[in-house]
Each structure stands twice: as structure tokens, then as C-alpha cells.
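Let's take a walk through this protein together, starting with its ring-shaped side chains and then moving on to its sheets. Keep the picture open as you read.

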Amino acid sequence: MNLILCCTPLQVLIARKIIELHPNEQFFGVMFGGVWDKKRTLYASKLAEVCNDSINIDTGKDLKGFDSLKLMRQLKNKITHKGFDKVFLANLNSLWLQTYLSHVSFKELYTFDDGSDNIFPHPNLLREPDTFKYKLIKAFIGDKYSVNKLFNKIKKHYTVYPNYKNIVPNVEPISLWDNKVDGDIDGDIDGEVSFFIGQPLLNTKEENISLIKKLKDQIPFDYYFPHPAEDYRVDGVNYVESELIFEDYVFKNLADKKVIIYTFFSSVAFNLLSHPNVEIRFIRTSIPRWQFCYDSFPELGLTIYKEI
């Protein structure tokens, strides 16, 4: 049996495609999460339906400090399957995932993308503190792994970014969408349609609302797809309210349509860059603390559509 570990809805989409590539192998799926809203619950069920067995791990919504570490320390009590042939995961630097792997045995390790961080230089995915305090924490929770130990075990990496250099050298491209179209199941949308992908870049709700109003005045998008952290709405903006993540929304509702995506630097845009029916238009914000996000655009061959 194989083990596949997921922490986000996007990872579930990728995991399902990986499982499709191994039709004669059994999978045990694990979905981690601190906030179990409708969206996470939906994607946990999407993982479960393609696995032979599965479990959800609650990492604690508001737990911090020692309370969070105690919960991690108890993780070993929830592990029912101990031996695996192959392990598939995205987050090498997750203490939760490292601790889980510390209590099972496996023969081969495979990784897959955790979003656009996999193609940017100096990714957070490979960063890990090297302090005495951090080592004490890992000892307390029973974590015997590190990013480097796991990285050196990787046999192959599955990527949804086939045209970009990945942080893992040995890659196999996979596609999030099928070659065939599903047809339109949303009769209200036809032809060309445009979206802005929400990102709350500022500190307060009032500042972010002002930013959305500014976007609406300067960019001709039809619909706004809100970020999960945006618990506010702006009058006059057409919001898409969906339990699906945007990638899934496009695959299921907008097949065979021209889709224009406006975004600052959302991972959604990178996930859909190679989709034949999608055009990405990057918007450069003038907010000083986010300028570093655009530093790698020239190296990646990306251009700015508009600055605001």
C-alpha cells in the first residue's frame, strides 16, 4: 500500500491525478488541516473517494505554542497503518508531515507541487530553522526527519508546471485537467469571461475593501473570486461563491470557454498558466512590502499587464 499526504485542496487535485497514474496500487490518504470548513471537508472527501482507506487529521485551528506541540506529539496514536511501499507528499518542511513519517516505514519517497513555490528561487518549502530550540521541539514531538533528509530520499517529483525549472531535478509532468472538455454546466456564463482572484494584501478589512474598489474602477473583470480569508463583500462587485477552489471551478464550469484571470501573484494563476483556454494578466501592486514577489517574473518569462 502507498501513503499520500495532503494539506490543501490543490494538493488533493494533484493527488487524485497521481493516484490515476497507479491504477493497480492501493492508497491510504491523509488530509491535514486546522480549519475544517465546507471547502476543506469537501476536498478531504475527494481524496477519500479515490483511496482504499483514509483519515483526516485535525491540526488545531487556534492552537499555538506548547498546546500545538502536545497535539503533534499525540499524532502517533492516530496512525493505524505503519508500513508503506511509496509515500507521496508536497510539504517537506511540515512538522506534522515529518512527525507522521517518523512513525511509519516506507521504501520510496515521491513529492509533488505545493503551488508556485516549487518554481521560484529560494523557496520556503526547503527552509527549516537550524537552532537548538527547534531541535528540542522536534525531539519532543518525535520528529526524526528534516527537510534535507527527506529531500535526499526523493525518487521523483510530479509537477503541474512542465515549462519551468523545479526545485526537484527529477520531474514527471502531470496535468490537472483532462484533454476532453466537460461542457458547460453553468448556463449563465458563455463565451469569454474574466475573473479577479482575491488576495487580501493589506492589514485591515477597510484597507482591503478600498483596494477591491480601486481594482473594480481600473480593471474590467466580470467576477471576483474571493480568498478564503476575505470574510467581507463589496457592493457592486460580482462575487463567485463556491466551495470549489478556482482551478476546479474552471475545470467543471468553464470548459471550452475563454477565461481571463487578473491577479497580483496568486498561485492559481501559475496553476492554470498552461491551460489552453486561460489567459493570465498579472497586476503589479504598488504596495511596497509585496514588490519582492515580482522579482522572479523576468526569469520566468512573465510580464505585467498593468500597474496600480
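Start with the aromatic rings: this is a predicted model, and it holds 27 aromatic pairs, counting rings whose centres lie within 6.5 Å. A pair of aromatic rings is described by two things, the distance of the centres and the angle of the planes. Try that on Phe32 and Tyr100. Their ring centres are 6.0 Å apart and their planes meet at 80°, and because an angle over 60 degrees counts as edge-to-face, that is what we call this pair. Now look at where the two partners come from. Phe32 belongs to strand E2 (residues 27-33), while Tyr100 belongs to helix H4 (residues 95-102), so this pair links distant parts of the chain, 68 residues apart. Are these two residues buried or exposed? Phe32 has a relative accessibility of 2%, so it counts as buried, and Tyr100, at 1%, is buried as well.

Here's another pair to find: Tyr224 and Tyr239. With centres 5.3 Å apart and planes at 65°, this one is edge-to-face too. Tyr224 sits in strand E9 (residues 223-225) and Tyr239 in the loop between E9 and helix H8 (246-253), so the pair ties together parts that are 15 residues apart in sequence. Both of these tyrosines are buried.

Rings can also gather in groups. Phe265, Phe270, Phe282, Trp290, Phe292, Tyr294 and Phe297 make up one aromatic cluster. And rings can have charged company: the charged end of Arg40 sits over the ring of Trp36, 5.9 Å from its centre. Something similar goes on at Tyr43, where Lys46 lies over the ring's face, at 5.6 Å from the ring centre.

Time to look at the sheets. Strands of a sheet pair through backbone hydrogen bonds, and they can do so either parallel or antiparallel. One open sheet here has 7 strands in the order E3-E2-E1-E4-E5-E6-E7, with parallel pairing. Which strands stand at the edges? They are E3 and E7 (171-173); each has a single partner strand, so one side of each is left without a neighbour in the sheet. From one strand to the next, the twist averages 25°.

Zoom in on one end of that order. E2, the strand that holds Phe32, pairs with strand E3 (residues 53-58) in the parallel sense over 6 bridges. Met31, for example, has Asn56 in E3 as its bridge partner. To get from E2 to E3, the chain passes through helix H2 (residues 38-48), making a β-α-β crossover that is right-handed. At the other end, E6 and E7 run parallel and are joined by 3 bridges; there, His157 has Val171 in E7 as its bridge partner.

This sheet has a helix lying across it, too. Helix H1 (residues 9-20) lies across strand E1 (2-6), E2, strand E4 (83-89), strand E5 (105-112) and E6, and runs at about 155° to E1. Just before E6 you can spot Asn152, in the loop between helix H6 (147-151) and strand E6 (154-159). Asn152 has a relative accessibility of 66%, so it counts as exposed.

Now move along to another open sheet, with 5 strands in the order E9-E8-E10-E11-E12 and, again, parallel pairing. The edges are E9 and strand E12 (304-307), each with a single partner strand, so one side of each has no neighbour in the sheet. The twist averages 30° from one strand to the next. Within this sheet, strand E10 (residues 258-263) and strand E11 (residues 278-284) run parallel, joined by 5 bridges, and Ile261 stands opposite Ile280 in E11. Helix H8 lies across strand E8 (192-197), E9, E10 and E11, running at about 170° to E8.

Our last stop is Ser266, in the loop between E10 and helix H9 (267-271). Unlike the exposed Asn152, Ser266 is buried, because its relative accessible area is 9% and the cut-off is under 20%. What does Ser266 contact, leaving aside its neighbours within four places in sequence? It is in contact with Ile197 and Gln199.

How values were computed:
Residues are numbered from 1 along each chain as its sequence is written. This is a predicted model: local features need pLDDT of at least 70, side-chain atom pairs count only at pLDDT 80 or more; totals for chains, interfaces and linings use all residues. Side-chain values use heavy atoms; hydrogens and water are left out. Rings of Phe, Tyr and Trp (its six-membered ring) pair if their centres lie within 6.5 Å; planes under 30 degrees apart count as stacked, over 60 as edge-to-face and the rest as tilted. Helices (H or I, at least four residues) and strands (E, at least two) are DSSP runs, numbered from the N terminus. Buried means under 20% relative accessible area, exposed over 50%, partly exposed in between (1.4 Å probe, protein chains only). A charge sits over a ring if NZ of Lys or CZ of Arg is within 6 Å of the ring centre and within 35 degrees of the ring normal. Two strands pair if DSSP finds at least two bridges between them. A crossover is right-handed if, with the strands pointing away from the viewer, the path from the first strand over the helix to the second runs clockwise. Axes are lines fitted to C-alpha atoms, for helices over the stretch in contact, and angles run from 0 to 180 degrees between N-to-C directions. Contact means heavy atoms within 4.5 Å.
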